[in-house]
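Student: I have a protein open on my screen and I'd like to walk through it with you. Could we go one piece at a time?

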Amino acid sequence: MLHKRKSICLLSLLTVLFFSPLAYSQTTTTAAKTESRGKLFDDASNTDSDYLMAIEKAGEVLQTAYNDADFDGSTYHLFSEIDRTQQKLDLILANLQGANPNVRNQQMYRIVLEEISKELTDQNNAINLRNKNLEKIKGRFIELRKDKALITLLKDTILRKQFNKEFLNLKKTYLSTDSLMNHNSEILNTKKRFTVQRRIAVSSALLSVEKKLEKSGISILGKEYPFLWNTNDTIAKKQLAQTIQGKVAIEKSVATYYLNYSIGGLISLVLFMGLLYWYISRNLKYLKVNNHYHNLSLFNFKYLNSRIILPITVIGLNIAIVSNLYAPALFIELIQLILLVVLSILFKDNWSKESIRNWFLLVALFSVLCFLDLFIGIGLIQRCAFILINILGIRYGLVQLKSIKEQLYIKGFFKWASIIFLGLNILAILFNLFGRVSLSNMLSLTAFIALTQIIALSVLLKIILEIILLQIYTTRIKRGLETIFDHESLSDTLKKPFILVISYMWIVVIASNLNIWESLNSSFKTILNHPNTIGSITFTLGNIMLFFIIIWIAHLLQKYVAYFFGEVDDENEENVNKRQHSKLLITRLVVLIGGYLLAVAASGMPLDKLSILLGALGVGVGLGLQNIVSNFVSGIILIFDKPIQIGDVIEISSQSGRVKSMGLRTTKINAPNGAEIIIPNGNLLSQSITNWTYTDNFKLVEISFDVVGDIIPDDINLIVIEALESQPLVNNSRTPQIYFTAISDGNYKLLVKFWCSIYRTEETISSARQVLFTSFKAKNITFST
């Protein structure tokens, strides 16, 4: 009896849970039973099978809802991101509550807070999406009310007793699903409340940072402290030690936070450096194994001839400085000092004693300057120390910098760096004297960083060029080309685009230390992203600039990509790798086409406007560009059809020579007299071409001569064959052909044909004549030709 009562309660609970909004009469139990019986007998279409199917469907809906309501891996990943964001925010808020950090730290806080604000917005949107999914799941329960068989079953007491076991299982599934949905909904609402609270905290912190930056920006130009001669504050040793300890703790905390914040980028940089180390080590190892390592001294290598880890560290530290513009002061100045230490080790073996002594003095001045800026509070001691360093810096720039300049690879930028160094030191002294201490300190640091950074970037350029020359030389050795190419002219060609990159890096570092890079960058972005309209076309200067930059880079890559195949402009060897040249031409074509397509996509030009442009171009082709397009298409056909390749010796019309290079529009041929013949690709396809090296590089040549003396033809044949076999330039794999064109007593006329390299035809014929003359003269036979 008790079991029946529990079953009735269970069924009633399910009825209320599923269908509480349903309205039907429940005045008395007897009336309900009567009504149920009436409906049961009236609805003759429902069978036990229909009811079982309805229950099964409800169970499937509940089970599916349970599976969908359960959190998946992406949700737990979202929760982890929320926790990490909270940790970052807590660290920043804790640092902001401490002593006021310098301007660079405030800028770092602003950048990080803006990123955290964006993260919180994305996380809040993700939580809202999951809440909507839960609402959709709840909607599935409402859909169950439309199942008439299930409604009839729930209303009928007799039927409910019949399917009591099924209803028990249904209740169990429902309770677990309902519990899971309520639990997950509470978790999402809690996370949402946290994100909202954090967004408020971030907004408040951003306002605080902006006010401090605005205040520091205003005060930095005004008088902050008394004139130096009116300053009389003194600090006890104990108080000074406590101040240093406090500043060390603050800067260490900020730097530790930034290190954790940027750990992903730093790991990527370390992996890149490791890959570069493997790449350079592999090439050097190959040269050592094949006994060519000693030839690197002929390329004037200064940094890749020993301790590869040091030049690679220089590359990584230079990248770290430029890519961490908003890092805290301790972090960025520590990287600068580490870079100077690594450079000192590199310079120790390459510079003169005077230059290295002056370099160490520069490093020492910069180190003291960083210590004073980071850990000594502004007062009489710090101001006097800064002025002393500025005076030493001015003397250094006027007297001792000349010895360092002579050691650098690029000297043009060093002149400007010296002027900036002297000018900023002079301004720093003046501002310090008149109470604008923050501005003075900033100018002092910028002066030393501008000078040391240009030296580091000069070393960086030399290291990059050495890596490229190493790649070219290693590739040539692998191809069997041991000749030393003109590396100086090649370096002068390669360094031009890199100088642009180095100039940009130098300007960015100087502007960042002067705290004007962000405003300059935002101003440039505003100008470049401002929409301009001409007619129906809307464009931005940034898109146009990006379009031309990508095209310039594409042309630069297709021009210099040959160097990584071991090709240089002055090569004229016989054993040209024609297959490699074909790959090179295809690579150039892909780079150019990909560059132009990417440039068009980056320009933001609409496709309908592009179709108009292509239509106008088609008209231009029809009117006057037929030859240009014909040569371009012919160039593509030559690349893939390969009737001629680089290194082939060809004859076309009255011109002959060796193919030097093949472009998309023209082909260059080196004539035997040294002239360079430029032939449009359309002419190569429209005329008959004689390709002497299409199959191999050998040519059949002939020599006519007379022999007079007491000798028989068989002996003449033997002398000729032995003489030709002794010549390394003659292809002895093919038997020479000897023809007697006239024979008389003691007088013979001969025609000898043999194979030799087409690239050294005249040299081979001359050597053959000499050796034949010597051979016949040794037999007292007269030889004439």
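Student: Let's start with a small detail: which residue stands opposite asparagine 670 in strand 6?

Tutor: Asparagine 670 stands opposite glutamate 676 in strand 6, and please keep in mind throughout that this is a predicted model.

Student: And how many bridges hold strand 5 and strand 6 as a pair?

Tutor: Strand 5 and strand 6, the latter covering residues 676-680, pair over 5 bridges in the antiparallel sense. These two strands also make a hairpin with 5 residues between them, where glycine 674 has a positive phi near 95°.

Student: What about strand 4 and strand 5, in which sense do they pair, parallel or antiparallel?

Tutor: Strand 4 (residues 655-662) and strand 5 (residues 666-670) pair in the antiparallel sense, over 4 bridges, and their hairpin has 3 residues between the strands. If you look at individual partners, serine 661 is bridged to lysine 668 in strand 5, while arginine 658 has asparagine 670 as its bridge partner.

Student: In what order do the strands of the whole sheet come?

Tutor: The order is 6-5-4-3-7, which makes an open sheet of 5 strands with antiparallel pairing. Strand 6 and strand 7 (689-691) are the edge strands, each pairing on one side only, and from one strand to the next the twist averages 40°.

Student: Changing topic, how many residues are in the largest nonpolar core?

Tutor: That core has 106 residues, and the ones with the most contacts inside it are Ile280, Leu343, Phe347, Trp359 and Ile455. Helix 16, which spans residues 437-478, supplies the largest share of this core, with 25 residues. There is also a second, separate core of 27 residues, with Ala126, Ile127, Ala149 and Phe167 among them.

Student: Which residues does tryptophan 359 touch, apart from its neighbours in sequence?

Tutor: Once neighbours within four places in sequence are set aside, tryptophan 359 is in contact with Leu340, Leu343, Ser344, Phe347, Trp351, Tyr396, Ile404 and Ile455.

Student: Last thing, which elements have the lowest and the highest mean pLDDT?

Tutor: Helix 2 (residues 29-42) has the lowest mean pLDDT among the elements, at 38, and helix 11 (residues 309-323) has the highest, at 92. Over residues 1-44 the pLDDT stays under 50, and for that stretch the model has 40 contacts beyond four places in sequence. For the protein, the average pLDDT is 78, and 81% of the residues score at least 70.

Methods:
Residues numbered from 1 in each chain as written. Predicted model: local features only at pLDDT ≥ 70, side-chain atom pairs only at ≥ 80, totals over all residues. Heavy atoms only, no water. Core = buried A, V, L, I, M, F, W, Y, C linked by side-chain atoms within 4.5 Å. Buried < 20%, exposed > 50% of the residue type's maximum accessible area, 1.4 Å probe, protein only. Contact = heavy atoms within 4.5 Å. Pairing = 2+ DSSP bridges. pLDDT = per-residue confidence, 0-100. Axes fitted to C-alpha atoms, helices over the stretch in contact; angles between N-to-C directions.
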